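Here is a short briefing on a protein model. The points below are grouped by topic.

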Amino acid sequence: MIIRKTIRFRLGVLFVVNTVLLLSTLALVFLGTRSLVETNELTEQFKKCNSLYTESEIYYKNFLLEDLISAEFYKKRKSTNTVRSISLLDSALFTVEEVRKHMDRLNDSRAKEMEFLRSDMEQLKAQQDFLMRKYLDLGFKDWGMIGNMRSKIHKIEKTHITLDMGMLLTMRRNEKDYLLRGESKYLKLFDESVEEFELEIVRMYQNRSVNDLTEQEVRTLRANLAAYQFGMHKVVDLMKVIGRGQNSGLMKDVSDLQEKINTRLISLSEKVLSNSESYVKWMMITFLAVFILQALILSWFVFMFSRAVGKRFEFLFNITKRINEGKSLVDFKSNQKFKYDEVSEISNNLYSLDEQLQAANMFSRKVTEGDVDVTYDTKFRETPLANDLIQMRDKFRDVQEEEQKRNWVINGMAQFNQLLREKTKSQEEWYDNLLRSIINYIEASQGTFILLKEDAEGKQYLKLMALYAYDKKRYEERQYDLENGLLGQVYKEQKMVYIEDVPDNYVNISSGMGGAKPKCLIILPLIYGDVMYGILEISSFSVLDAYHIDFLKKLSEIIASSIADMDTSRVVIKLRDEIELQKQRIRYLEGQLTEQAE
């Protein structure tokens with residue numbers, strides 16, 4: 001009991017010391033943890049702001065790449081990209097304001113930088129909104145100023161007057177080249193082509209003998225042409241305000257603001273992460289110091305504790321080693337030390353386990369030797385191992401019985417196949433030998449072979465071919481009615497009949513056999529190829545098992561096949577004899593004809 005108290009006392013001291021060190025650690029890092037939590041909250045909010053702004057930029061770029069060439073944008077005057085970009089930018093502004101307020105509460109010097117960031121984002125939002133409205137004013141294809149400009153030239157193209165299509169196409173090409181490339185030379189070429197086209201209209205009017213052109217039509221054409229040219233210059237002016245790419249106009253202003261905001265975000269991210277890392281380093285150093293102290297104290301306790309329990313572990317190791325080797329623990333039990341500590345409880349369980357294994361070993365050895373009736377030690381009969389081994393024995397016994405039955409059926413089939421191929425002097429001898437072998441093999445009491453015959457009038461009847469009872473052959477001449485009794489039932493239904501508890505008068509009612517009352521009666525039709533050749537009837541003073549019945553079913557099919565082969569052989573021999581007689585008759589007639597001819 002002293003050793004038991006000592007071990008538990010040492011474990012208790014170790015627990016108390018580690019608990020004190022842990023509480024001290026918690027007290028040391030409490031303030032640092034609180035600051036770290038607040039810093040982490042700021043970091044998460046700042047990451048959220050950065051993510052929202054980045055996503056807003058993505059939608060803005062998608063607007064520039066997709067919506068500016070989509071008629072749906074100009075028709076609805078908004079798109080998913082514009083709505084999402086503005087919404088995300090608003091969310092980013094809200095988050096920036098939350099971070100700034102949080103920093104103000106912590107007296108963080110970075111709050112001023114967050115104020116500048118919020119101002120830049122608000123300015124960016126206004127610039128992007130103004131740029132989007134300018135793009136809506138500019139339009140695309142049939143929308144906005146470009147659509148209005150092109151509607152004028154479309155009126156000229158749709159007129160019934162025959163115009164110079166080459167000049168018209170040149171003018172349109174110069175328009176599209178400028179809108180696509182934005183170079184001033186294409187605008188100059190556009191103006192020149194407009195002037196040339198206008199002069200061409202005037203020449204057509206002056207040459208009215210060729211073109212039936214009225215003064216009103218000329219005025220309409222020139223007015224539409226002037227409106228087309230004026231609209232083109234308004235589009236050019238607006239495109240200069242918007243700018244091309246990120247090098248001029250509103251596009252450059254938006255790009256510069258985005259770059260400025262990205263620079264501020266990167267700078268603030270580095271500062272936030274730097275503060276977080278410093279808090280983490282301080283806490284790691286504190287935890288490391290406490291861990292080293294705990295490790296030193298724990299090492300001393302482990303050393304002292306290992307000396308106290310080392311011998312017990314060695315003793316338990318020797319016990320488990322002998323169990324693993326399959327050796328008995330009787331000598332260990334008599335020489336056991338340390339009987340008053342925790343080891344005795346473990347060793348007693350191991351001794352009990354050894355006794356169970358020895359009982360299981362003896363039981364399994366006897367089963368392996370073929371003793372399937374061996375009983376298990378009653379002391380351990382209710383253990384899971386015992387139950388499994390007993391189930392194994394029962395299954396082994398079942399398998400052994402099934403194997404014996406299977407071998408009995410296989411050997412019987414082989415024996416009777418050989419017997420069916422043997423030649424005899426007469427058909428009656430063949431049936432007698434076969435019936436005697438069946439009765440002896442299945443250990444029955446008596447049996448009969450009954451064949452289906454036809455009389456001179458073609459009427460079928462059942463004729464007794466062989467009868468064997470009580471190890472003696474009986475010679476009787478019997479015929480049976482096809483309409484009555486079990487024989488008649490088997491003949492009509494062509495199915496097996498099996499009866500147990502046969503009544504005293506079963507012979508008069510259903511059977512062709514006499515003698516004492518049997519315990520079971522089986523009547524099998526001999527059928528091959530849907531043709532019935534006879535009946536096999538067997539009675540026994542012991543009940544037949546299922547495998548006996550299955551064996552008799554298979555054997556009845558083989559016997560019916562052999563009977564069919566014998567019938568076929570007799571028919572072939574008879575036909576051969578008739579053919580030989582006919583040949584002799586033909587030779588005789590040929591000799592008579594030859595003599596008459598001479």
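Glu 443 sits in the loop between α13 and β1 (446–454). Its phi is positive, about 60 degrees, although Glu 443 is not a glycine. The model is a predicted one. The briefing starts with backbone outliers, then turns to aromatic pairs, cores and helix packing.

**Positive phi in loops**

- Glu 443 is exposed, and its relative accessible area is 65%. The cut-off for exposed is over 50%.
- Gln 494 also lies in a loop, the one between α14 and β5 (497–500).
- Gln 494 has a positive phi of about 55 degrees and is not a glycine either.
- The position of Gln 494 is just after α14.
- Gln 494 counts as partly exposed, at 34% relative accessibility.
- Helix α14 itself spans residues 485–493, and its buried residues include Leu 486, Leu 487, Gly 488 and Val 490.

**Aromatic pairs**

- How many aromatic pairs does the count come to? It comes to nine.
- One of them joins Phe 416 and Phe 551, with 6.1 Å centre to centre and 50 degrees between the planes. This pair is tilted.
- Phe 416 belongs to helix α12 (residues 384–421) and Phe 551 to helix α16 (residues 546–597), so the pair ties together parts 135 residues apart in sequence.
- Both Phe 416 and Phe 551 are buried.
- Tyr 441 pairs with Phe 551 as well: the ring centres are 5.7 Å apart and the planes stand at 40 degrees, so this pair is tilted.
- Here the link runs from Tyr 441 in helix α13 (residues 427–442) to Phe 551 in helix α16, across 110 residues.
- Tyr 441 is buried, like Phe 551.
- Which residues do ring pairs link into a cluster? They are Trp 408, Phe 416, Tyr 441, Tyr 547 and Phe 551.

**Nonpolar cores**

- The largest nonpolar core has 63 residues. Within this core, Met 121, Met 171 and Phe 197 touch the most other members.
- What does Phe 197 contact beyond its neighbours within four places in sequence? The partners are Ile 156, Leu 163, Asp 164, Met 167, Leu 168, Met 171 and Leu 225.
- A second core, separate from the largest one, has 36 residues. Among them are Leu 420, Tyr 431, Leu 451 and Leu 544.

**Helix packing: α6 and α7**

- Helix α6 covers residues 165–181 and helix α7 covers residues 184–206.
- Their axes come within 8 Å and cross at roughly 160 degrees. The cut-off for roughly antiparallel is over 145 degrees, so α6 is roughly antiparallel to α7.
- The two helices cross in a left-handed sense.
- On the α6 side, the residues that meet α7 include Met 167, Leu 168, Met 171, Asn 174 and Tyr 178.
- On the α7 side, the residues that meet α6 include Tyr 186, Leu 187, Phe 190, Val 194 and Phe 197.
- Charged residues are also on the list, among them Glu 175, Asp 177 and Arg 181 in α6, and Glu 196 and Glu 200 in α7.

**Helix packing: α3 and α4**

- Helix α3 (residues 80–105) and helix α4 (residues 111–138) have axes that come within 9 Å. The crossing angle is roughly 165 degrees.
- That angle makes α3 roughly antiparallel to α4.
- The crossing of α3 and α4 is left-handed.

Note on methods:
Residues are numbered from 1 along each chain as its sequence is written. This is a predicted model: local features need pLDDT of at least 70, side-chain atom pairs count only at pLDDT 80 or more; totals for chains, interfaces and linings use all residues. Side-chain values use heavy atoms; hydrogens and water are left out. A nonpolar core is a set of buried Ala, Val, Leu, Ile, Met, Phe, Trp, Tyr and Cys residues joined through side-chain atoms within 4.5 Å. Buried means under 20% relative accessible area, exposed over 50%, partly exposed in between (1.4 Å probe, protein chains only). Contact means heavy atoms within 4.5 Å. Rings of Phe, Tyr and Trp (its six-membered ring) pair if their centres lie within 6.5 Å; planes under 30 degrees apart count as stacked, over 60 as edge-to-face and the rest as tilted. Helices (H or I, at least four residues) and strands (E, at least two) are DSSP runs, numbered from the N terminus. Axes are lines fitted to C-alpha atoms, for helices over the stretch in contact, and angles run from 0 to 180 degrees between N-to-C directions. Angles under 35 degrees count as roughly parallel, over 145 as roughly antiparallel, 65 to 115 as roughly perpendicular and the rest as oblique. A crossing is left-handed if the near helix is turned anticlockwise from the far one by less than a right angle, and right-handed if clockwise.
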